[in-house]
Amino acid sequence: MMVPNGQFEGKVDSITVTPSRIAKQQFQDKYGAAEVKLNCEPRESHMENFLRCVRTREKPVLDALTAYKAMVTIGMSVQSYREGRVLYFDEHKQKVVSEAPKA
């Protein structure tokens, strides 16, 4: 997946999805093209949203709890890959554990 000119900061109008060589034929069969252009919805940047929320005291789109959940997921996936095993998140203890927590 690529954004125009490799930009990951700032606004872009679209994102181009191009399959890897392995899945290229299945992708073409499903979507009828070797590349699919996805238009992005118009919205303010993260920094604009944050500054507006500081002024107005609204809740930002990406608040601290959302960031925490995203980073735990990313961190767990990296740790799981490096260790070659399945990891679980114990919501009560707020810790990554190696065995599924009891319900």
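Start by selecting D90: this residue is buried yet has no salt bridge, and the nearest side chain of opposite charge, K93, is 4.3 Å away. A salt bridge here requires a side-chain nitrogen within 4 Å of a carboxyl oxygen, so the D90–K93 pair does not count as one. Keep in mind throughout that the model is predicted.

**Around D90**

With D90 still selected, show the backbone of K93. The backbone nitrogen of K93 lies 3.3 Å from a polar atom of the D90 side chain. Next, colour by secondary structure; D90 belongs to strand 3, which covers residues 88–90. Then display the neighbours of D90. Leaving aside residues up to four places away in sequence, D90 touches K95, V97 and P101.

**The whole chain**

Zoom out to the full chain. Its secondary structure comprises three helices and four strands. Reading from the N terminus, the order of elements is β-α-β-α-α-β-β. Of the 103 residues in the chain, 10% are buried; D90 is one of the buried residues. If you list the contacts between residues at least 6 apart in sequence, 16% of them join residues at least 24 apart.

**Helix 3 and its end**

Select residues 64–83, which form helix 3. How many Å should the 20 residues of helix 3 span at 1.5 Å a residue? The expected span is 28 Å, and the end C-alpha atoms are 28 Å apart, which agrees. When looking along a helix, recall that an α-helix has 3.6 residues a turn, so residues three or four places apart point the same way. Now step to G84, just after helix 3, where phi is positive at about 70 degrees.

**Salt bridges**

The structure holds five salt bridges. Three stops follow.

- Select E41 and R43. Their side chains meet in a salt bridge, with an N to O distance of 3.2 Å. R43 counts as exposed because its relative accessibility is 53%, and E41 is likewise exposed, at 54%.
- Select E44 and R52. A salt bridge joins their side chains at 2.5 Å, N to O. Both ends are partly exposed: E44 has a relative accessible area of 29%, and R52 has a relative accessibility of 28%.
- Keep R52 and add E58. The closest N and O atoms of this salt bridge are 2.8 Å apart. E58 counts as partly exposed because its relative accessibility is 43%.

Which residues are linked in a network of salt bridges? Show E44, R52 and E58 together: these residues make up the network, with R52 bridged to E44 and also to E58.

**Cysteines**

Finish with C40 and C53. Are these two buried or partly exposed? C40 is partly exposed, with a relative accessible area of 28%, whereas C53 is buried, at 7%. A disulfide is a covalent bond between the sulfur atoms of two cysteines. The structure holds zero disulfides, so no pair of cysteine sulfur atoms comes within 2.5 Å.

How values were computed:
Residues are numbered from 1 along each chain as its sequence is written. This is a predicted model: local features need pLDDT of at least 70, side-chain atom pairs count only at pLDDT 80 or more; totals for chains, interfaces and linings use all residues. Side-chain values use heavy atoms; hydrogens and water are left out. Helices (H or I, at least four residues) and strands (E, at least two) are DSSP runs, numbered from the N terminus. Buried means under 20% relative accessible area, exposed over 50%, partly exposed in between (1.4 Å probe, protein chains only). Lys and Arg count as positive and Asp and Glu as negative; His and the chain ends are not counted. A polar contact is a pair of N or O atoms within 3.5 Å; within protein, one must be able to donate a hydrogen and the other to accept it, and residues adjacent in sequence count only if both atoms are side-chain atoms. Contact means heavy atoms within 4.5 Å. The expected span of a helix is 1.5 Å times one less than its number of residues.
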